[in-house]
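Here is a small set of exercises to work through with the model open beside you. Try each task before reading its solution.

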Amino acid sequence: MDPGEHGSPGGAANSATMPGKADIVAPMTIAPSLEECALQLREEGWVTVPEVFTGSQLDALREGLAIALDAARAEGQILFREGVDVNDRSLRVLHLLDQHPAFRDMVEHRTVRDLVSSVLGNQYLLSSLSANISLPGSESMGMHNDLMAVLPEPWLAPYGTNLFICLDDMDEENGATRYLPGSHRFTTNDMASDDDLRRTVPIPASAGSIVAMDGRLWHTSGANRSADRPRRILIAFFVASFIRTQYNWGALLPDPVKGAASSSLRQLLGLDEGNMGVRLGYAAFSGTKQGVDPHAH
Ligand SMILES: O=C(O)CCC(=O)C(=O)O
């Protein structure tokens, strides 16, 4: 680009093209800090973090999904999840983690872990990792929150967080995820109503962004009304460690993948131990309720 094109100070401006002051000041995009993202996630129930995956990392995730989709088709897996999606224009790929190293790198990515920790602290597990490929003609699935998949109501705290990793730009036309503002404060199913879908708002996001949601936020996939723009997202759902994960990683993953996993990945998948390490922080655990407080004199 010609450095003077937008009236930058280095440009060869003449009096006929001399820009006004407003033209000289280039708009500045400041990436939100993690603290700002965590705050929005806490207060609003969702946040978009742009450009987390770019270049070769994004390419590798797309390649991984193509490989996983081919493998699922070759194995005759059913990609249309009846009861979840309305028609077979939504393709669900359920097994990703063992299909490409990019997925293992993704769940270990610093921004992913920091976002999850901002909701769940440091005791959490990966409940599931899947993809939704929304093709033109797909319709919105049923409104839901994600916590209901693993925990009965009342939903009193954000004991889960879902991260959508966008592999394509998503906007209202090609089926961007839609959410119901304020619904992360719903504690029971009764608080949702039939016309919620009408009141949802799309979350546009560019390829490589993460859309993070409080597990209590009610949302749905948008209908893909585009002529030719598929919308691919990865869905990484993390839950507090006391909740049983949707996937039994120990049974699902091939031994070589488990053998090569880093210790932090093994911990994330709950491969090494059961829940004996989990402490929910009740006073009784420290002995104070049982008269055996070691600090008492
Ligand atoms: O595809 C989407 O935009 C949302 C998917 C979703 O909410 C889900 O699968 O639970």
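**Exercise 1. Work out how H3 and H4 are oriented to each other, and what their contact is made of.**

Solution. H3 and H4 are oblique to each other, since an angle counts as oblique when it falls outside the roughly parallel, roughly antiparallel and roughly perpendicular ranges. Keep in mind that this is a predicted model.

- Start with the geometry: helix H3 (residues 55-74) and helix H4 (residues 101-108) pack at an angle of about 125°, and their axes are 8 Å apart.
- Check that angle against the cut-offs: roughly perpendicular covers 65 to 115 degrees, and roughly antiparallel needs over 145.
- Next, the hand: H3 and H4 cross in a left-handed way.
- Now pick out the residues: H3 brings Ala 60, Leu 61 and Gly 64 to the contact, while H4 brings Ala 102, Phe 103 and Met 106.
- Sort them by class, and you get 5 nonpolar, 1 polar and no charged residues for the contact of H3 with H4.

**Exercise 2. Do the same for H2 and H5: find the angle, the hand and the residues that meet.**

Solution.

- Helix H2 (residues 34-44) and helix H5 (residues 110-120) have axes that come within 10 Å and cross at roughly 45°.
- H2 and H5 are therefore oblique to each other.
- The hand of the H2 and H5 crossing is right-handed.
- On the H2 side, look at Leu 34, Cys 37, Ala 38 and Leu 41; they meet Asp 114, Leu 115, Ser 118 and Val 119 of H5.
- The class count for the contact of H2 with H5 is 6 nonpolar, 1 polar and 1 charged.

**Exercise 3. Lay out the sheet of 6 strands, name its edges and find the helix H2 packed on it.**

Solution.

- Trace the order, which reads E1-E7-E4-E9-E3-E2 in an open sheet with antiparallel pairing.
- Strand E1 (46-49) and strand E2 (90-93) each have a single partner strand, so they stand at the edges with one side lacking a neighbour in the sheet.
- From one strand to the next, the twist averages 20°.
- Zoom in on one pair: E3 and E9 run antiparallel and share 10 bridges.
- Within that pairing, Leu 125 sits opposite Val 239 in E9.
- Finally, add the helix: H2 packs on the sheet and touches E1 and strand E7 (210-214), with its direction at about 150° to that of E1.

**Exercise 4. What is the strand order in the sheet of 3 strands, and which strands stand at its edges?**

Solution.

- The order is E6-E5-E8, again an open sheet with antiparallel pairing.
- Strand E6 (201-202) and strand E8 (219-220) are the edges, because each has a single partner strand.
- Strand E5 (residues 178-179) is joined to E8 by 2 bridges, running antiparallel.
- One residue pair to click on: Tyr 179 has His 219 in E8 as its bridge partner.

**Exercise 5. Which residues surround the ligand, and which elements give two or more of them?**

Solution.

- List the shell: Asn 132, Ser 134, Asp 146, Thr 177, His 219, Ser 221, Ile 233 and Ile 235.
- Map it onto the elements, and strand E3 (124-134) and strand E9 (231-240) come out as those giving two or more residues.
- By class, the shell holds 2 nonpolar, 5 polar and 1 charged residues.
- Link back to the strands: His 219, the bridge partner of Tyr 179, is part of this shell.

**Exercise 6. Where do Pro 154 and Glu 51 lie, and what does the backbone do there?**

Solution.

- Recall the background: most residues other than glycine have a negative phi, and most peptide bonds are trans.
- The peptide bond from Glu 153 to Pro 154 is cis, with omega near 5°.
- Pro 154 belongs to the loop between E3 and strand E4 (160-166).
- Glu 51 is not a glycine, yet its phi is positive, about 55°.
- Glu 51 is found in the loop between E1 and H3.

Conventions
Residues numbered from 1 in each chain as written. Predicted model: local features only at pLDDT ≥ 70, side-chain atom pairs only at ≥ 80, totals over all residues. Near = placed C-beta within 6 Å. Helix = DSSP H or I, 4+ residues; strand = E, 2+ residues; numbered from the N terminus. Nonpolar A, V, L, I, M, F, W, Y, C, P; charged D, E, K, R; others polar. Axes fitted to C-alpha atoms, helices over the stretch in contact; angles between N-to-C directions. Parallel < 35°, antiparallel > 145°, perpendicular 65-115°, else oblique. Left-handed = near helix turned anticlockwise from the far one by under 90°. Contact = placed C-beta atoms within 7 Å. Pairing = 2+ DSSP bridges.
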